[in-house]
Amino acid sequence: MSEMARASVKIIGDSLPNIPWQDRPIDSSDVVWRYGHNPIIPRNATPTSNSIFNSAAVAFNGKFAGVFRVDDTCRLMNLHVGHSEDGIQWDIAPEPIEWKFDDPELARMVHRYDPRVVWLEDRYYVTWCNGYHGPTIGIGYTYNFEEFTFVENAYLPYNRNGVLFPRKINANFAMFSRPSDTGHTPFGDIFYSESPDMIYWGKHRFVMGPKSWRWESTKIGAGPIPIETNEGWLLIYHGVLTSCNGYVYSMGAALLDLDQPWKVTHRASPYLMSPQMTYECVGDVPNVVFPCAALHDPDTGRIAIYYGAADTVTGLAFAHVDELVHFVKTNSEV
């Protein structure tokens with residue numbers, strides 16, 4: 001791809017001039033590089049937290065807000081709201097989000113974890129892995145990150161990694177998910193589904209699965225909200241390798257058709273980032289890089305990626321959209 005073609009890659013969306021950012025180190029040629037002061041959120045950022053990871057951040061009122069996975073010292077998994085002036089220094093609420101429910105039956109949850117957040121039409125929607133007779137995808141929303149309303153569980157158990165699109169596809173809401181089982185799931189493919197109302201989900205389509213003898217040979221799952229570009233939907237996802245010492249979670253990327261997002265046009269064979277730093281390799285679950293959110297600025301092409309590290313802390317990484325798309329296309333093996 002020529003330099004001119006690379007420069008023509010454009011993010012479609014609203015400007016974010018205050019996106020958190022740090023230039024790539026001069027001694028690095030990495031397409032995705034880490035923030036120099038990672039982790040940005042330590043495991044003990046609230047009085048009773050054991051770990052804070054696999055969380056979601058969005059632009060909000062000129063600043064930033066998000067929903068964070070906080071495992072407490074009882075090792076209960078729950079969701080907390082957080083706010084930030086700059087997207088790097090975060091104030092995480094010490095108490096979990098209190099959801100409003102129309103049906104008390106749905107309020108009896110075992111756990112809530114791995115949230116994603118997206119601005120969609122007129123509100124911020126939250127999806128997460130919801131413990132309701134097994135893992136499924138919970139859906140809720142907020143207008144102000146103060147009051148949160150539960151909508152419904154999207155699917156029957158068992159499912160994980162529910163990731164909404166930032167706009168409707170074919171006049172329907174759209175979401176990725178990863179059908180699973182009751183445990184840690186030694187398998188996993190990404191599927192696409194549509195809904196007219198955020199309650200009834202259908203039109204299920206296979207998107208892509210693991211690749212044998214690769215960094216993503218065991219299972220994969222959608223990560224941050226897909227980023228719309230003039231080259232297609234940019235999907236950053238996680239992939240898992242089963243090593244002789246257990247699972248290894250890394251970050252990869254693919255491009256999807258804008259009108260039919262279940263069709264993969266390009267998929268990079270190499271990973272973008274793997275667990276290599278101490279805070280990614282050492283923790284409650286070693287060797288994990290798990291992307292859950294990405295901020296982006298169309299004016300500069302900058303992307304800031306939030307990821308969980310070793311199921312313990314939260315890290316931040318950066319990329320340029322033109323370089324990232326070029327990497328995916330150049331190294332593609334669909």
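Two strands count as paired if DSSP finds at least two bridges between them. In this predicted model, strand β9 (residues 135–142) and strand β10 (residues 148–153) are joined by 5 bridges and run antiparallel. The points below treat the sheet that holds these strands, the nonpolar cores, selected buried residues, the salt bridges and the backbone geometry.

**The open sheet**

- Strands of a sheet pair through backbone hydrogen bonds, in either a parallel or an antiparallel manner.
- An open sheet is formed by 5 strands in the order β6-β10-β9-β8-β7, with mixed pairing.
- Its edge strands are β6 (99–100) and β7 (112–120), each of which pairs on one side only.
- Between β9 and β10, one bridge can be named: Gly 140 has Phe 150 in β10 as its bridge partner.

**Nonpolar cores and a covered helix**

- The largest nonpolar core contains 40 residues, and Trp 90 and Phe 145 have the most contacts inside it.
- Apart from this core lies another of 33 residues, including Tyr 125, Leu 164, Ala 174 and Val 264.
- Beyond residues up to four places away in sequence, Phe 145 touches Val 58, Phe 60, Ala 65, Gly 66, Val 67, Val 81, His 83, Val 117 and Tyr 124.
- Helix α3 (residues 321–330) is mostly covered, with 7 of its 10 residues buried.
- The buried residues of α3 are Val 321, Glu 323, Leu 324, Val 325, His 326, Phe 327 and Val 328.

**Two buried loop residues**

- Phe 165 is located in the loop between β11 (159–164) and β12 (173–179).
- Because buried means under 20% relative accessible area, Phe 165, at 1%, is classed as buried.
- The contacts of Phe 165, not counting residues up to four places away in sequence, include Val 118, Leu 120, Tyr 192, Ile 225, Trp 233 and Pro 261.
- Phe 165 and Leu 76 are separated by 89 residues in sequence and by 29 Å in space, C-alpha to C-alpha.
- Thr 218 belongs to the loop between β14 (202–208) and β15 (219–222), and its relative accessibility of 14% makes it buried.
- The side chain of Thr 218 makes a polar contact with the side chain of Thr 242 at 2.6 Å.
- When neighbours within four places in sequence are left aside, Thr 218 is in contact with residues including Pro 186, Phe 187, Val 240, Leu 241 and Tyr 247.

**Salt bridges**

- Side chains of opposite charge can pair when their charged atoms come close.
- The model has a count of 15 salt bridges.
- Lys 100 and Glu 147 form one salt bridge, their closest N and O atoms being 3.3 Å apart.
- This pair links distant parts of the chain, since Lys 100 is in strand β6 and Glu 147 is in the loop between β9 and β10, 47 residues apart.
- Lys 100 is partly exposed at 45% relative accessibility, and Glu 147 is partly exposed at 48%.
- The side chains of Arg 167 and Glu 228 meet in a salt bridge of 3.0 Å, N to O.
- The pair of Arg 167 and Glu 228 also links distant parts of the chain: Arg 167 is in the loop between β11 and β12, while Glu 228 is in strand β16 (residues 227–229), 61 residues apart.
- Arg 167 is partly exposed, with 30% relative accessibility, whereas Glu 228 is buried, at 12%.
- In the salt bridge between Asp 122 and Arg 123, the closest N and O atoms are 2.9 Å apart.
- Asp 122 is partly exposed at 38%, whereas Arg 123 is buried at 15%.
- Salt bridges also link Arg 43, Arg 75 and Asp 284 in a network.

**Backbone geometry**

- Most residues other than glycine have a negative phi, and most peptide bonds are trans.
- The peptide bond from Asn 38 to Pro 39 is cis, with omega near -5°, and Pro 39 is in the loop between β1 (33–34) and β2 (49–60).
- Pro 157 and Tyr 158 are also joined by a cis peptide bond, with omega about 25°; Tyr 158 is in the loop between β10 and β11.
- Asn 54, which is not a glycine, has a positive phi of about 45°.
- Asn 54 lies in strand β2 and is buried, at 2% relative accessibility.
- Glu 121 likewise has a positive phi, near 65°.
- Glu 121 is in the loop between β7 and β8 (123–131) and counts as exposed at 51% relative accessibility.

How values were computed:
Residues numbered from 1 in each chain as written. Predicted model: local features only at pLDDT ≥ 70, side-chain atom pairs only at ≥ 80, totals over all residues. Heavy atoms only, no water. Core = buried A, V, L, I, M, F, W, Y, C linked by side-chain atoms within 4.5 Å. Buried < 20%, exposed > 50% of the residue type's maximum accessible area, 1.4 Å probe, protein only. Contact = heavy atoms within 4.5 Å. Helix = DSSP H or I, 4+ residues; strand = E, 2+ residues; numbered from the N terminus. Polar contact = N/O pair within 3.5 Å; in protein donor to acceptor, adjacent residues only side chain to side chain. Salt bridge = Lys/Arg side-chain N within 4 Å of Asp/Glu carboxyl O.
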